[in-house]
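Colleague: I am new to reading protein models. Could you take me through this one, question by question?

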Amino acid sequence: MADNVTPRIRVPREAAAGEVIEIKTLISHQMESGQRRDGDGNIIPRSIINRFVCEFNGETVIDVTLEPAISTNPYFEFTATVPESGTFTFTWYDDDGSVYTDTKEITVS
Amino acid sequence: MTFNRRQALVMSMGAAAAAVLPLRLSAAIEDNIAAFTGGAEIGEGGITLTAPEIAENGNTVPVSVSAPGATAIMILAAGNPTPAVGIFHFGPLAGAQSASTRIRLAGTQDVIAIAQMPDGSFVQASQEVKVTIGGCGG
């Protein structure tokens, strides 16, 4: 299901060259595990985000493989080294083929 | 309805087979570990797994992993219907080889983290998390 999927990302606006910054991301997604049953006892089919990638100017920061055991609204906190001004690209890959992307700019002063 | 000796024997064998089922689960964990490590030996140390001792709600249990220098860290929940939780691959711009997320735990169980080091070795850490309300379909 791809409705109401909203990424929320926190990245500092500025950093010193080579500084290690903290990034927090959250995307609203029900992450249906495929283990639950509906009222009639039928298994609700799995529907999760199965991969999350963060890149900075095309270089990988983190690449996460997600399984159904990741909670609803997948949240990640990690760090990145910022060598120069540029753009963080965040990409989430859904089981249904949808791809959600968002970008954040950062300025090195 | 009365049981003769043979029927009783068959039933007790069925019960024994049911008791073996949890072993199949641990085989699933070993499959996951083997897929990640390729059967390599797993050492200790150099990896930190932070998880709460008691989680009131198994639907969102915060966990953090950190393994300085690691190329990838896998998290497993030993007592979940499917033990795999996720794999973090760290790229060249990762500031530190650490990450935090929130996971689902079906019940009280061990959470395991295994890190792959750049020299191809593996280290692991595990911690038991007591879960008050399970997070799988409950």
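Modeller: What follows is a set of short questions and answers on a predicted model.

Colleague: How many residues of chain B are in contact with chain A?

Modeller: Contact here means heavy atoms within 4.5 Å. On the side of chain A, 30 residues take part. Their partners in chain B number 27.

Colleague: What share of the area buried between chain A and chain B comes from carbon and sulfur atoms?

Modeller: The buried area between chain A and chain B is about 2,300 Å². Carbon and sulfur atoms give a share of it, and that share is 53%.

Colleague: Which strand of chain A gives the most to the side that touches chain B?

Modeller: Three strands of chain A, β3 (19-27), β5 (59-66) and β6 (75-82), each supply at least two residues of the side that touches chain B. One of them gives the most, with eight residues. That strand is β5(A).

Colleague: How many residues of each class are on the side of chain A that touches chain B?

Modeller: Take the classes in turn. On the side of chain A that touches chain B, the charged residues number five and the polar ones nine. The nonpolar residues there number 16.

Colleague: How many salt bridges does the rule find across the interface of chain A and chain B?

Modeller: Start with the polar contacts. Between chain A and chain B, 19 residue pairs are in polar contact, with both residues at pLDDT 80 or more. For a salt bridge, the rule asks for a side-chain nitrogen of Lys or Arg within 4 Å of a carboxyl oxygen of Asp or Glu. Across this interface the number of salt bridges is zero.

Colleague: Which residue is the bridge partner of A:E77 in β7(B)?

Modeller: β6(A) is joined to strand β7 (residues 94-103) of chain B by four bridges. The two strands run antiparallel. In β7(B), the partner of A:E77 is B:S100.

Colleague: Which residue stands opposite A:V20 in β6(A)?

Modeller: β3(A) and β6(A) pair over eight bridges. The sense of that pairing is antiparallel. Opposite A:V20 in β6(A) stands A:T81.

Colleague: Which residue of β3(A) stands opposite A:R8?

Modeller: Strand β1 (residues 7-10) of chain A is joined to β3(A) by four bridges. These strands run antiparallel. The residue opposite A:R8 is A:L26.

Colleague: Is A:D63 buried or exposed?

Modeller: A:D63 forms a salt bridge with A:R51, at 2.8 Å from N to O. The pair links distant parts of the chain, with A:R51 in strand β4 (residues 49-56), A:D63 in strand β5 and their positions twelve residues apart. A:R51 is partly exposed, because its relative accessibility is 34%. A:D63 has a relative accessible area of 16%, so it counts as buried.

Colleague: Is A:E32 buried or exposed?

Modeller: The side chains of A:E32 and A:R36 form a salt bridge, 2.8 Å from N to O. A:R36 counts as partly exposed, at 38% relative accessibility. For A:E32 the relative accessible area is 8%, so A:E32 is buried.

Colleague: What is the relative accessible area of B:K130?

Modeller: B:K130 meets B:E128 in a salt bridge, 3.8 Å from N to O. B:E128 is partly exposed, at 40% relative accessibility. B:K130 is partly exposed too, and its relative accessible area is 44%.

Colleague: How many salt bridges does the rule count over all chains?

Modeller: Among them are A:R51 with A:D63 and B:E128 with B:K130. Over all chains the count comes to four.

Colleague: What is the relative accessible area of A:M31?

Modeller: A:M31 is in the loop between β3 and β4 of chain A. A:M31 is not a glycine, although its phi is positive, about 50 degrees. A:M31 is buried, because its relative accessible area is 0%.

Colleague: Where does A:N57 lie?

Modeller: A:N57 also has a positive phi, near 45 degrees, in a residue other than glycine. A:N57 is partly exposed, with a relative accessible area of 39%. Its place is the loop between β4 and β5 of chain A.

Colleague: How many strands are there in chain B?

Modeller: Read chain B from the N terminus. The elements run α-β-β-β-β-β-β-β-β-β. That gives one helix, and the strands number nine.

Conventions: Residues are numbered from 1 along each chain as its sequence is written. Chains are lettered from A and ligands numbered from 1 in the order in which they are written. This is a predicted model: local features need pLDDT of at least 70, side-chain atom pairs count only at pLDDT 80 or more; totals for chains, interfaces and linings use all residues. Side-chain values use heavy atoms; hydrogens and water are left out. Buried area is the accessible area (1.4 Å probe) that two parts lose on being put together, summed over both. A polar contact is a pair of N or O atoms within 3.5 Å; within protein, one must be able to donate a hydrogen and the other to accept it, and residues adjacent in sequence count only if both atoms are side-chain atoms. Ala, Val, Leu, Ile, Met, Phe, Trp, Tyr, Cys and Pro count as nonpolar, Asp, Glu, Lys and Arg as charged, and the others, Gly among them, as polar. Two strands pair if DSSP finds at least two bridges between them. Buried means under 20% relative accessible area, exposed over 50%, partly exposed in between (1.4 Å probe, protein chains only).
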